[in-house]
Amino acid sequence: MTHPLHPVLVHFPIAAWFFATVGDVASLYYGEQVGWVAGVLLVIGVITAVLAMVAGLLELARIDQQSDAMKMANQHMILAMVSWSLYSISLFLRLDGTTLMQPSGAAILFSILGLMSLCAAGWYGGRLVFEHAIGVQQKRDN
């Protein structure tokens, strides 16, 4: 496959986590059903993020180890793992066995912190593409 898989996969956890965070905040006003939906979105985000991170690791192997892009890729990767960890904590804080419960204040806080970290990770990911052309296929003259 000539197209990198990582940029295709990241949309799933990003969307799931963004709407989970919105749902967490909304659950403060609209109740348990919204909190449950946010929990389901967290599950989807945590699982799909693992797939995106594996694909990202495969892309990481293609970057020159001594380049500025590698330093930025490491920052991107660390922030993405921090996001995954924060959202995972948020998920586990709302579990009672295997049942999703209304999120506590701590679960909502971890979700908000996860979104902040996710935005920073995305910013670094965008810089990797637009400043260093990581994952961009160069046009060939025929």
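**Exercise 1. How close do the axes of α2 and helix α5 come, and at roughly what angle do they cross?**

*Solution.* Keep in mind that this is a predicted model.

- Step 1: Locate the partner. Helix α5 covers residues 105-132.
- Step 2: Read off the geometry. The axes of α2 and α5 come within 9 Å, with a crossing angle of roughly 145°.
- Step 3: Add the hand, which is left-handed for this crossing.
- Step 4: List the contacts. On the α2 side they involve I14, W17, F18, A20, T21, D24, V25, S27 and L28, and these meet A107, I108, S111, I112, L115 and L118 of α5.
- Step 5: Sort these residues by class, which gives 11 nonpolar, 3 polar and 1 charged.

**Exercise 2. Work out how α2 is oriented against α3, and describe their contact.**

*Solution.*

- Step 1: Find the helices. α2 spans residues 11-30 and α3 spans residues 32-60.
- Step 2: Take the distance and angle. Their axes approach within 7 Å and cross at roughly 160°.
- Step 3: Classify the angle. Angles over 145 degrees count as roughly antiparallel, and α2 and α3 are therefore roughly antiparallel to each other.
- Step 4: Note the hand: α2 passes α3 in a left-handed crossing.
- Step 5: Pick out contact residues. Those in α2 include F12, P13, W17, F19 and Y30, while those in α3 include V34, L41, L42, I44 and V46.
- Step 6: Count by class. The contact holds 16 nonpolar, 5 polar and 2 charged residues.

**Exercise 3. Place the helices in the overall fold of the protein, giving its elements in sequence order.**

*Solution.*

- Step 1: Count the elements: there are 5 helices and 2 strands.
- Step 2: Put them in order along the sequence, which yields α-α-α-α-β-β-α.
- Step 3: Look at the extent. The C-alpha atoms fill a box of roughly 60 × 25 × 25 Å along the principal axes.
- Step 4: Check burial and contact range. Of the 142 residues, 37% count as buried. Among contacts with a separation of 6 or more, 76% join residues 24 or more positions apart.

**Exercise 4. Compare the UniProt annotations with the model: which residues are listed as "transmembrane region"?**

*Solution.*

- Step 1: Read the record. The unreviewed UniProt entry lists residues 12-30, 36-58, 78-95 and 107-130.
- Step 2: Examine residues 78-95. This span is 89% helix and 6% strand, and its end C-alpha atoms lie 26 Å apart.
- Step 3: Examine residues 107-130. Here the span is 100% helix and 0% strand, with end C-alpha atoms 34 Å apart.
- Step 4: Turn to the domain. The unreviewed UniProt entry lists residues 3-137 as "domain: DUF2231". Over residues 3-137 the chain is 79% helix and 3% strand, with end C-alpha atoms 8 Å apart.

Key. Residues are numbered from 1 along each chain as its sequence is written. This is a predicted model: local features need pLDDT of at least 70, side-chain atom pairs count only at pLDDT 80 or more; totals for chains, interfaces and linings use all residues. Side-chain values use heavy atoms; hydrogens and water are left out. Axes are lines fitted to C-alpha atoms, for helices over the stretch in contact, and angles run from 0 to 180 degrees between N-to-C directions. Helices (H or I, at least four residues) and strands (E, at least two) are DSSP runs, numbered from the N terminus. Angles under 35 degrees count as roughly parallel, over 145 as roughly antiparallel, 65 to 115 as roughly perpendicular and the rest as oblique. A crossing is left-handed if the near helix is turned anticlockwise from the far one by less than a right angle, and right-handed if clockwise. Contact means heavy atoms within 4.5 Å. Ala, Val, Leu, Ile, Met, Phe, Trp, Tyr, Cys and Pro count as nonpolar, Asp, Glu, Lys and Arg as charged, and the others, Gly among them, as polar. UniProt positions are given in the numbering used here, feature names are shortened, and annotations may be inferred rather than shown by experiment. Buried means under 20% relative accessible area, exposed over 50%, partly exposed in between (1.4 Å probe, protein chains only).
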